[in-house]
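Biologist: Could you take me through some of the labels put on this structure? I would like to hear the reasoning behind each one.

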Amino acid sequence: KPDQPEVLEALARAQDAAAPATEAEATWSALIALRPRDVAARAGRALALQRLGRFDDAEAEFRRALKIAPEDGELYRIFLATKKLKKGDPLIRAMLKAHGNKALPVRKRMHLDYALAKAMEDSGQTARVFAYLRAANGAQRRLHPWERGERDREVDALIAAFEGADFTPIAPQEGLRPIFVTGLPRSGSTLVERILASHSAVRAGGEMPFVWRAAWSVLGDPAKGLRRLSDIPDDDLATMAVRYREAVRSRVPEGEVVTDKGMQSYLFIGLLLKALPGARMIVVTRDPRDQLLSIYRNYFAEGTHRYANDLEDLAAYYAAFRRILDFWRERLPGRFAEIAYEDLVADPEGQSRA
């Protein structure tokens, strides 16, 4: 059924996730030919065009979609990710008009607030930025509440579980040698991974969920109390390592050295270096004034970064990150690398070689 819209849409979304953007763009175009007023299809094609670097074509497609749905806040937000507006741009007037609609649904308004915050900053109207940012993040926080003490309790439990452990690696295993690239969001970890993956011997794995699952599989449930690492037999760690390697292989079939940008692996540095001999760990840091503001102004998929929608929550989350990183620095001196984003951009070759 090559002309059935539902089949084409399913194919396009699968290609978005797994295939080169050229394939997804062609499928979205076929769907648009069948349903010219399908806003989701036009947005999908525009995103594919962005990934292909065809920004003028992407802009034209976004503008066509916005003519059909002039109050769709998400369209504005995604479009402006690669577009800077000047003061007086008609698109800003269109967003402000949409924003004035008292009946605008909560999520559409939330996306519109993120878009307006960026538009105000790009156009030099900086005094107006935070009004929109606070509204956007406030809406996210109401939809997905965050209890500030949650992270502190988690870090306390992990430090207690790792205290007094012997972090000597278990017997080496053949095969995959991961490079963990970790840190808080907006730290520069993607840049670091891309630099690593430009090496002919390295494959990029991206943000994989497998470390998180593997670590909790041996440590237990934080709500019920964690097992101490010193009480976990090496055989259990070896089993965890095998399952982790198998999971990575399902995502990256080839290459001995694979990057893993699962962002929370900094919580488990000692466990990972013990269970996965041959693994390497790189923690990427950044000045928190830049990093936390960048997180606050960035839209994340709903519910994925619930701490990100309040400045005090962000400060507490960052403090917990620094606390467990200090723990690993003290327990594992020289066992993992740290790189500051500011140093990397100032000396890319020297830092890349390091």
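Modeller: Here is a short conversation about what some of the labels rest on.

Modeller: A word on the basis first: this is a predicted model, where local features need pLDDT of at least 70, side-chain atom pairs count only at pLDDT 80 or more, and totals for chains, interfaces and linings use all residues. Residues are numbered from 1 along each chain as its sequence is written, and side-chain values use heavy atoms, with hydrogens and water left out.

Biologist: Thanks! Why is Ile92 called buried?

Modeller: Buried means under 20% relative accessible area, exposed over 50%, and partly exposed in between (1.4 Å probe, protein chains only). Ile92 has 5%, so it is buried.

Biologist: Where does Ile92 lie, and which residues does it touch?

Modeller: Ile92 lies in helix 6, residues 90-99; helices (H or I, at least four residues) and strands (E, at least two) are DSSP runs, numbered from the N terminus. Leaving aside residues up to four places away in sequence, Ile92 touches Leu85, Lys86, Ala119, Met120, Ser123 and Gln125, where contact means heavy atoms within 4.5 Å. Ile92 and Ser123 are 31 residues apart along the chain, and their C-alpha atoms are separated by 9.5 Å.

Biologist: Now a lysine: why is Lys261 given as buried?

Modeller: By the same cut-off: its relative accessible area is 5%, under 20%, so Lys261 is buried. Lys261 sits in the loop between strand 3 (257-260) and helix 13 (269-275). Its contacts, not counting residues up to four places away in sequence, are Val181, Ser189, Thr190, Glu193, Gly206 and Glu207.

Biologist: On to helix 14. Which of its residues are buried, and what covers them?

Modeller: In helix 14 (residues 288-297), Gln291, Leu292, Ser294, Ile295 and Tyr296 are buried. Their cover includes helix 7 (106-122), helix 8 (129-143) and helix 15 (311-331).

Biologist: What makes Leu293 partly exposed?

Modeller: Leu293, also found in helix 14, has a relative accessible area of 32%, which lies between 20% and 50%, so it is partly exposed. Leu293 makes a nonpolar surface patch of about 230 Å² with Phe130 and Leu311. Patches are made of residues with over 30% relative accessible area and no salt bridge (a side-chain nitrogen of Lys or Arg within 4 Å of a carboxyl oxygen of Asp or Glu). Nonpolar side chains (Val, Leu, Ile, Met, Phe, Trp, Tyr) are joined within 5 Å, like charges within 9 Å.

Biologist: And why is Asp290 partly exposed?

Modeller: Asp290, in helix 14, has 41% relative accessibility, between 20% and 50%, so the label is partly exposed.

How values were computed. Areas by Shrake-Rupley, 256 points an atom, 1.4 Å probe, with all protein chains shown as cover.
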